[in-house]
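Q: I have a structure open and would like to go through it with you, a bit at a time. Could we start with the cysteines and then move on to the helices?

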Amino acid sequence: MFPLKENFTRELEEIKETLEREIRFKAAEFEELVELSSNDLDENACPLIVLAVNRSFGGNARPAVALATIVQYIFMADQVHRLMNDKPDLDEDERQFPVLVGDFLYGKFFLGLCKNKLLHLLAPLAQVIATMNEGAISRWQTLRESGNESKRLEILEMERATITGVAARLSAEITGCSEKIQNRCEALGWELGLAWGAWQDKMEMRVVQQSLSRAKAILQELPEAEVKPLYELYDYMEKSLAEAV
């Protein structure tokens with residue numbers, strides 16, 4: 001197991017338990033309604049970004065765990081909505097379930113903000129959702145331009161880098177970091193998310209490595225001894241992407 005995940009075992013388990021408890025339907029389990037395949041990065045990357053930033057700067061763990069769960073709701077909702085398709089032979093219930101389940105998860109994200117007194121974070125998170133949806137629409141409109149690297153990266157920035165960047169920034173904000181540190185955390189999260197998205201989109205490893213290199217340069221502006229969890233976050237992302245190839 002990665003050192004970063006070992007350091008946050010309790011928090012990650014709490015997030016998973018909350019998700020399992022909250023994403024429960026009277027008539028069926030979540031997995032029965034949608035087949036959402038996921039890997040370790042899908043399950044843990046967004047929460048770990050929030051948790052690593054929080055611990056690096058000595059924040060209170062409780063609001064960080066709440067924020068990490070909320071961000072994961074958004075990520076999962078986006079992934080579920082991507083299961084939608086317009087095949088003419090698709091049963092209507094199969095066509096509608098991803099829409100309904102995804103919207104349900106978005107509702108949980110809002111409820112999480114209210115329950116944990118984080119409603120002041122609604123505006124930036126709502127903008128993230130809008131940007132991710134814009135990215136999904138752009139992807140659908142440019143299916144035939146898959147060889148256009150710059151366009152693909154632009155879409156990945158909207159789909160993935162925006163949520164990882166804002167997750168890192170908001171974690172720094174609720175921890176009480178300065179504007180300068182918030183900006184730096186957002187830039188780090190952005191590049192890690194872009195590397196993750198580029199790998200998931202099966203782009204050349206050169207593209208993935210370019211984002212990781214930019215992330216490392218941002219990270220090296222901070223003393224390793226003072227922000228060890230952020231270095232462990234980078235190590236987790238780098239090794240996960242390398243091992244997944």
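Q: How far is the sulfur of Cys177 from the closest cysteine sulfur, and which residue is that in?
A: This is a predicted model, and in it the closest cysteine sulfur to that of Cys177 belongs to Cys185, at 5.8 Å, which is too far for a bond because a disulfide needs the two sulfur atoms within 2.5 Å.

Q: OK, and how many disulfides turn up in the whole structure?
A: Searching the whole structure gives zero disulfides.

Q: Is Cys177 buried or exposed, then?
A: Cys177 counts as buried, because its relative accessibility is 12% and the cut-off for buried is under 20%. Cys114, by contrast, is partly exposed, with a relative accessible area of 36%.

Q: Switching topic: what secondary structure does the chain have?
A: The chain comes to 11 helices and zero strands, so that, reading from the N terminus, each element in the run is an α.

Q: And how much of the chain is buried?
A: Of the 245 residues in the chain, 49% are buried. As for the surface, the chain exposes about 12300 Å², and carbon and sulfur atoms supply 51% of that area.

Q: Let's pick one helix. Where is α7, and what is its reach?
A: Helix α7 covers residues 122-141, which is 20 residues, and from its first C-alpha to its last it reaches 29 Å, close to the 28 Å expected at 1.5 Å a residue.

Q: Which residues of α7 are buried?
A: The buried residues of α7 are Leu125, Val128, Ile129, Thr131, Met132, Gly135 and Ser138. It helps to remember that an α-helix has 3.6 residues a turn, so residues three or four places apart point the same way.

Q: What about Gly135 in that list, what does it touch?
A: Leaving aside residues up to four places away in sequence, Gly135 touches Ile155, Met158 and Glu159. Gly135 counts as buried, at 0% relative accessibility, and its C-alpha is 9.8 Å from that of Arg152, a residue 17 places apart from it in sequence.

Q: Are contacts in the chain mostly between residues far apart or close together in sequence?
A: Among contacts with a separation of 6 or more, 74% are between residues 24 or more positions apart.

Q: Last topic, aromatics: how many aromatic pairs are there, and what sits over the ring of Trp196?
A: The search of the whole structure finds one aromatic pair. As for Trp196, the charged end of Arg160 sits over its ring, 4.1 Å from the ring centre.

Definitions and conventions. Residues numbered from 1 in each chain as written. Predicted model: local features only at pLDDT ≥ 70, side-chain atom pairs only at ≥ 80, totals over all residues. Heavy atoms only, no water. Helix = DSSP H or I, 4+ residues; strand = E, 2+ residues; numbered from the N terminus. Expected span 1.5 Å × (residues − 1). Buried < 20%, exposed > 50% of the residue type's maximum accessible area, 1.4 Å probe, protein only. Phe/Tyr/Trp six-rings, centres within 6.5 Å; stacked < 30°, edge-to-face > 60°. Lys NZ or Arg CZ within 6 Å of the ring centre and 35° of its normal. Contact = heavy atoms within 4.5 Å. Areas by Shrake-Rupley, 256 points an atom, 1.4 Å probe, with all protein chains shown as cover.
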